[in-house]
Amino acid sequence: MGQKLLMKGNEVIAEAAIRAGCRHYFGYPITPQTELMHYMAKKMPTIGGVFMQAESEVAAINMVYGAASTGKRVMTSSSSPGISLKQEGISYIAGAQLPAVIVNIMRGGPGLGGIQPSQSDYFQATKGGGHGDYHMVVLAPASVQELYDLTVEAFNISDRYRIMTMILGDGVLGQMMEVVEFRDDENIESFDKPWAANGHDNKREHNMITSIHLDPAVLEQWNIGFQEKYNLIRQKEQRYELYNCEDAEIILVAYGSVARICKGVINQAAEKGIKLGLIRPITLFPFPTNAFEEVLDIPKAFLTVEMSSGQMLEDVKLTIEGRKPVYFTGRMGGMIPTVNDIMTKVNEIREKHS
Amino acid sequence: MSLHEIIIAGFGGQGILSAGRLLAYAGMEENKQVSFLPSYGPEMRGGTANCMVVVSDKEIASPVLNVCSALIVMNNPSLEKFESWVKPGGVIITDSSLVHTKVKRSDVKVFEIPATKLATEAGNKTYSNIYLLGKLLTETNCATPESFEKALYGILSKKKHYMIPEEMEVLKVGMGY
Amino acid sequence: MAIVFEPPKALCDVPMHYCPGCTHGISHRLIAEAIDELEIEGKTIGISPVGCAYNNYLYFNCDMIQAAHGRAPAVATGVKRSLPESIVFSYQGDGDLAAIGTAEIVHAATRGENITVIFINNTIYGMTSGQMAPTTLVGQVTTTTPYGRDAKYSGYPVRISEMLATLEGPAYIERVSLHDIKNIKKAKAAVKKAFKVQMAGKGFSLIEILSTCPTNWGLNPVEALKRIEKEMIPHYPLGVFVGADLEV
């Protein structure tokens, strides 16, 4: 048993990163992830780590590129508009196959948008916000404890596959406090990095970190390698939670803080004798297709709930491939779906399929 | 099973968010599941502020509330906004020094405490939220005064610990008001 | 038979892709000689730019990292802060450093980041075929200033060394030229001093090297070298801007 504390989501991500061996953090201020940065600024100097406030998100992600090239565990964090600025570096990190952890505490957009919680960066995170055929692993925690566990796991996954991992949260998760237990360090793995540019000490050939390959035949081979890696990740790293799916009439699909609201809906509906279930994707890339195969025969329909116009909805439909009806309800711009919003849609669907 | 869904609302600077954190911490001291969700953003600069606190025996489904079992309000706009959120049989506690409109609901228990006035008379305006929290403890049993005291020690910085005995006195006044 | 002349060990034995008469090769050699003489190859990490020198990570025998356009100072910062004992240099052209990467170079400099920047100023974008650079001289014809750079329309050429010299962060900034043997020797001394400044932990160093681009200037290599002397040096005077008295 580790220590139990009441902590804010953003701070827990920072503490988890430090416990996972991250000693290099580069960031730029933006709401609503600020506390993560403040925590790093306070803690890193006391443990011999590096906290650096960069001149821009663009610089911060390139500092991450540099630190990751040396083989160190490194993190940056931001919120939607800042993540857009980081996309150039994210694409380069993908091309150079560097492990790094990026936190996006999403807020409403597009443009400068607002500062209230949102999930409207799902496409950007899972389909590749930067240029090129790449993916990063995207983890979607739904509680403060999971922010801890998945941040630790993000570093392991990144190092295991030489890939970026994004923690995709939202303003609710970043700002809320819950009790967190810092589990023992046995989950923290370490990896050899013979590819790192850390000085060859005249003992090996020089290492080169690069994403440029002007010969298209060579670049295609690199891309084929990337795709093989992504397929391996699709096979091995799908994570999800099934909640009350056994005899559900309708199965909701939601991630992050919206999944928590859906659980509330499910509990309230159960009191009225309405059986609802939930698929909660924990990995958004790889999308947990296995979860859908597991429960496909059970409900009359699926209902995707998001703080967006329906982005994950597309992956749900691609997975179900027309085998069951798929519905959507969501709010945008920083508005949070209410129990009533969701129940209204549930009732509509029940009527249609009665 | 006990489930407390509490909303505390008022202006920035009234200790709204600290009150919520104290409740969550006190719940944790009793090994309950707790969540604390603050409003964030420009509220910090003196606008409206609110927070949602859940204290439960079981896993907390949603930290985002659309109804509540208890409401503490420290200004008029907050009462206007949240009055309808309180479940029938729930509790509304107002700082009557600042909240001049009356609660319209008749299916909830209403307690008016002139907290800001009491705190000002007692010499420390920042204690106003504690009077209200005291009443909340009495009416809902969401936490014991003992765990509340532990929460004060857990949350306040060491240099403010000397204030805690005084704050506990204030809490007791609130509990018995 | 006695060997009197060898390529530097810090350069790989591979053909370079630069145009005939281009001075990038000379700059590379000067950096490699400095690395050899200071015996730091094993702990040196270089950052390649976007521009003609984009794949010089293939040419230097130390560990190398290829960076996005203009971001080399940020990448170098990430490396140096991760490995404080390493020697880190970035190699950047004028489009890379003085246009798209202005923020990164200014902030690395003002932080006094303990890295060495080799800044190649040839008043033009080479790789993308001869567009106007921030350093393009007034009146200079490029593919995007086909009637000559008009200061009223496109502004004035930026003097990076002088600009960065106004900051408190830099320890050593010098502008050198490659237009003749005497100046190449001076350039070598400056590059070596810059590395020594970093090794001594003194902070940010930048060597601006006035260089040629015969292909995009439309000149032969000899005329190109003369252009440096006649046209560039009057606008970009040679000399030490920070750290003249610094002994390392």
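User: What makes S10-S12-S11-S14-S15 of chain A an open sheet, and how are the strands paired?

Analyst: This is a predicted model, where local features need pLDDT of at least 70, side-chain atom pairs count only at pLDDT 80 or more, and totals for chains, interfaces and linings use all residues. Residues are numbered from 1 along each chain as its sequence is written, while chains are lettered from A and ligands numbered from 1 in the order in which they are written. Five strands of chain A form the open sheet in that order, with mixed pairing. At the edges sit S10 (240-243) and S15 (326-330) of chain A, each pairing on one side only. A strand here is a DSSP run of E with at least two residues, and a helix is a run of H or I with at least four, numbered from the N terminus.

User: How do you know that S10(A) and S12(A) pair?

Analyst: Pairing takes at least two DSSP bridges between two strands. S10(A) and S12(A) (residues 276-281) have four and run antiparallel, so they count as paired. In S12(A), A:Ile279 is the bridge partner of A:Leu242.

User: Which helix packs on this sheet, and what angle does it make with S14(A)?

Analyst: H11 (residues 312-320) of chain A, touching S11 (250-253), S14 (301-306) and S15 of chain A. Its direction makes about 160 degrees with that of S14(A). Axes are lines fitted to C-alpha atoms, for helices over the stretch in contact, and angles run from 0 to 180 degrees between N-to-C directions.

User: What makes S9(A) and S2(C) a strand pair?

Analyst: S9 (residues 208-209) of chain A and S2(C) share two bridges, in the parallel sense. The cut-off is at least two, so they pair. A:Met208 stands opposite C:Met64.

User: How many residues of chain C are in contact with chain A, and which element gives the most?

Analyst: 30 residues of chain C are in contact with 34 of chain A; contact means C-beta atoms, placed from the backbone, within 7 Å. H2(C) gives the most to that side of chain C, with eight residues.

User: Why is B:Asn75 called buried?

Analyst: Buried means 20 or more other C-beta atoms within 10 Å of the residue's own, exposed 12 or fewer, and partly exposed in between. B:Asn75 has 20 C-beta neighbours inside 10 Å, so it counts as buried.

User: Where is B:Asn75, and what is it in contact with?

Analyst: B:Asn75 lies in the loop between S4 (68-73) and H2 (76-82) of chain B. Leaving aside neighbours within four places in sequence, B:Asn75 is in contact with B:Gly10, B:Phe11, B:Leu98 and B:Val99.

How values were computed
Contact = placed C-beta atoms within 7 Å.
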